[in-house]
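Me: I have a structure open and would like to go through it with you, one question at a time. Could we begin with a single residue and widen the view from there?

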Protein chains: 2
Amino acid sequence: MHALIIAAHGSRRAASNQEVHAVAERLARLAGERYPICRAGFLELAEPSIADAIRQAAQDGATQVSVVPYLLAAGRHVVEDIPAAVAEAQAQLPGLDIALSGHIGQSPKLLEVLLDCADQTQTQTQSGT
Amino acid sequence: MHALIIAAHGSRRAASNQEVHAVAERLARLAGERYPICRAGFLELAEPSIADAIRQAAQDGATQVSVVPYLLAAGRHVVEDIPAAVAEAQAQLPGLDIALSGHIGQSPKLLEVLLDCADQTQTQTQSGT
């Protein structure tokens, strides 16, 4: 069973962290059997940690885990901190197949998100709302 | 002519700001005649400001501008700071049609970006790289 972990920074603002958990829930509904487990994990300021989210996925039956950095820029968090959290989980769960993806800021599909947001605006403007 | 402005936070790390400018350039190539002008603007720590990016788009011939907040969470920057920057530009350019979209974190299409990142990881794992 394949799990997808959204690896976010975490915020002092509870609503921001809740927004990431809500993304994970919507993603689980969309992904269906492709990723039966979708969870959020945080580098700091929020729970669970990324390593804890991976451990929980393993306890729920995941045999493969894909960790996707939910960050727009390839800064220290993407280059150092998230790989370190993944390595921590891998050391504790040597039998689990954990893979780390590029951060969402590098995805070509992010361009379509930007266009879609802009198009929605246009529609709203035209409809006068 | 319709312009799309990517409204980002800005970073002390020059490479992160450059990454946003690179997204704007890739977006311009993808958007073609739909958004002939695509530019990045920043709230702080980087140039140009969001208002300056809008002004520059108008100077380049834009008659309509869609501003897309390049942020994942609906925090103060999305709720207050970016609308204030847009209002500043609108006050200076009353004839320009400026519209503000939701932040990218609320886009349903962002879920597809997450799945795509996770799928890429799977492919890399299977091919042994």
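Me: Glad to have company on this one. Leaving aside neighbours within four places in sequence, with which residues is A:S16 in contact?
Reply: Happy to help. Contact here means heavy atoms within 4.5 Å. With neighbours within four places in sequence left aside, A:S16 is in contact with A:S11 and B:A73.

Me: Before we go on, what kind of model is this, and how are things counted?
Reply: Residues are numbered from 1 along each chain as its sequence is written, while chains are lettered from A and ligands numbered from 1 in the order in which they are written. Side-chain values use heavy atoms, with hydrogens and water left out, and local features need pLDDT of at least 70, side-chain atom pairs count only at pLDDT 80 or more, and totals for chains, interfaces and linings use all residues, since this is a predicted model.

Me: What average pLDDT does chain A have?
Reply: The pLDDT is the predictor's confidence in each residue, from 0 to 100. The model scores ipTM 0.92 and pTM 0.90. In chain A, 94% of the residues score at least 70, and the average pLDDT is 93.

Me: Back to A:S16: is this residue buried or exposed?
Reply: A:S16 is found in helix α1 of chain A; helices (H or I, at least four residues) and strands (E, at least two) are DSSP runs, numbered from the N terminus. Buried means under 20% relative accessible area, exposed over 50%, and partly exposed in between (1.4 Å probe, protein chains only). With a relative accessible area of 6%, A:S16 is buried.

Me: Which pattern does chain A follow along the sequence?
Reply: The secondary structure of chain A comes to four helices and four strands. Read along the sequence, the pattern is β-α-β-α-β-α-β-α.

Me: In what order do the four strands of chain A stand in the sheet?
Reply: Two strands pair if DSSP finds at least two bridges between them. Six bridges join β1(A) to β3 (residues 64-69) of chain A, and four bridges join β3(A) to β4(A). The pairing is parallel and the sheet is open, in the order β2-β1-β3-β4.

Me: Which strands of chain A stand at the edges?
Reply: An edge strand has a single partner, so one side of it is left without a neighbour in the sheet. In chain A, that describes β2 and β4 (97-100).

Me: In β3(A), which residue stands opposite A:A7?
Reply: β3(A) is mostly covered, with five of its six residues buried. A:A3 stands opposite A:V65 in this strand. For A:A7, the residue opposite is A:P69.

Me: At about what angle to β4(A) does helix α3 of chain A run?
Reply: Axes are lines fitted to C-alpha atoms, for helices over the stretch in contact, and angles run from 0 to 180 degrees between N-to-C directions. Helix α2 (residues 50-59) of chain A lies across β1, β2, β3 and β4 of chain A, at about 160 degrees to β2(A). Helix α3 (residues 76-92) lies across β1, β3 and β4 of chain A, and its angle to β4(A) is about 180 degrees.

Me: Which residues touch the most other members of the largest nonpolar core?
Reply: A nonpolar core is a set of buried Ala, Val, Leu, Ile, Met, Phe, Trp, Tyr and Cys residues joined through side-chain atoms within 4.5 Å. A:I104 touches residues of both chains, among them A:V68, A:L110, B:L72 and B:C117. Of the 48 residues in the core, those touching the most other members are A:Y70, A:I104, B:Y70 and B:I104.

Me: How many disulfides are there over all chains?
Reply: A disulfide is a pair of cysteine sulfur atoms within 2.5 Å. The cysteine sulfur nearest to that of A:C38 belongs to B:C117, 13 Å away. Over all chains, the count comes to zero.

Me: One last stop, the loop between β2 and α2 of chain A: what is phi of A:L45?
Reply: Most residues other than glycine have a negative phi, and most peptide bonds are trans. This loop also holds A:P48, which a cis peptide bond joins to A:E47, with omega about -5 degrees. A:L45 lies in the loop too and is partly exposed, with a relative accessible area of 43%. Its phi is positive, near 70 degrees.
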